[in-house]
Amino acid sequence: GSASHLIILAGFVLLTIALTQIINGATAATVIAPIAIVAAQKIGMEPRSIALAVAIASSMAFISPLGHSVNVLVMGAGGYTFRDYARVGIPLTILLTIILLIILPLLMPIG
């Protein structure tokens, strides 16, 4: 049913967010998107919706400075630590993930 489709969508979003914390977002999307699209097609989900979710999730590199080069530049100049990024990034990532999982199924059918 649509509830299991939402769980699959959330799983791919969380996987992409986790990967984005250690590698570039474009690379994370390149790795996860084909897997997510094929999985969506096999279980009857809308592949464009899951691809959009992966694309949006790949831009959520807030928890670690390693996900984006600008974060590393600001880290040195501002004297920030990994802990500073996590303290602000974890709540922001949780909030944006919840918003994504609520809004996306309303705007695009997921299954």
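Leaving aside its neighbours within four places in sequence, with which residues is Asn71 in contact?

## Surroundings of Asn71

In this predicted model, Asn71 is in contact with Ala61, Ser64, Pro65 and Tyr85, once neighbours within four places in sequence are set aside. The residue belongs to helix H4, which spans residues 69-78. Asn71 counts as buried because its relative accessible area is 17%, under the 20% limit applied for burial.

## Overall architecture

The protein contains five helices and zero strands, so that its elements, read from the N terminus, follow the order α-α-α-α-α. Along the principal axes, the C-alpha atoms occupy a box of roughly 50 × 25 × 15 Å.

Of the 111 residues in the protein, 34% are buried. The accessible surface amounts to about 6300 Å², and carbon and sulfur atoms account for 75% of that area. Among contacts between residues at least 6 apart in sequence, 67% link residues at least 24 apart.

## Helix H2

Helix H2 covers residues 25-43, a total of 19 residues. The distance from its first C-alpha to its last is 26 Å, close to the 27 Å expected at 1.5 Å a residue. A kink of about 30° is nevertheless present at Ile32, shortly before the proline Pro34. The buried residues of H2 are Gly25, Ala28, Ala29, Ile32, Ala33, Ala36 and Ala40; Ile32 is thus both the site of the kink and one of the buried positions. As to the spacing of such positions, an α-helix has 3.6 residues a turn, so residues three or four places apart point the same way.

Both ends of H2 have local features. At the N-terminal end, Asn24 acts as a cap, with a side-chain oxygen 2.8 Å from the backbone nitrogen of Ala26. Just after the helix, Gly44 adopts a positive phi of about 85°.

## Salt bridges

The count of salt bridges comes to two. One joins Arg48 to Glu46, with the closest N and O atoms 2.8 Å apart. Its partners fall into separate accessibility classes: Arg48 is exposed, at 59% relative accessibility, whereas Glu46 is partly exposed, at 22%.

The other pairs Asp84 with Arg87, where the closest N and O atoms are 2.8 Å apart. Both residues lie in helix H5 (residues 82-107), three residues apart, or about one turn of the helix. Arg87 counts as exposed because its relative accessibility is 55%, over the 50% limit for that class.

Conventions
Residues numbered from 1 in each chain as written. Predicted model: local features only at pLDDT ≥ 70, side-chain atom pairs only at ≥ 80, totals over all residues. Heavy atoms only, no water. Helix = DSSP H or I, 4+ residues; strand = E, 2+ residues; numbered from the N terminus. Expected span 1.5 Å × (residues − 1). Bend = angle between axes of the 7 residues up to and from the residue. Buried < 20%, exposed > 50% of the residue type's maximum accessible area, 1.4 Å probe, protein only. Polar contact = N/O pair within 3.5 Å; in protein donor to acceptor, adjacent residues only side chain to side chain. Contact = heavy atoms within 4.5 Å. Areas by Shrake-Rupley, 256 points an atom, 1.4 Å probe, with all protein chains shown as cover. Salt bridge = Lys/Arg side-chain N within 4 Å of Asp/Glu carboxyl O.
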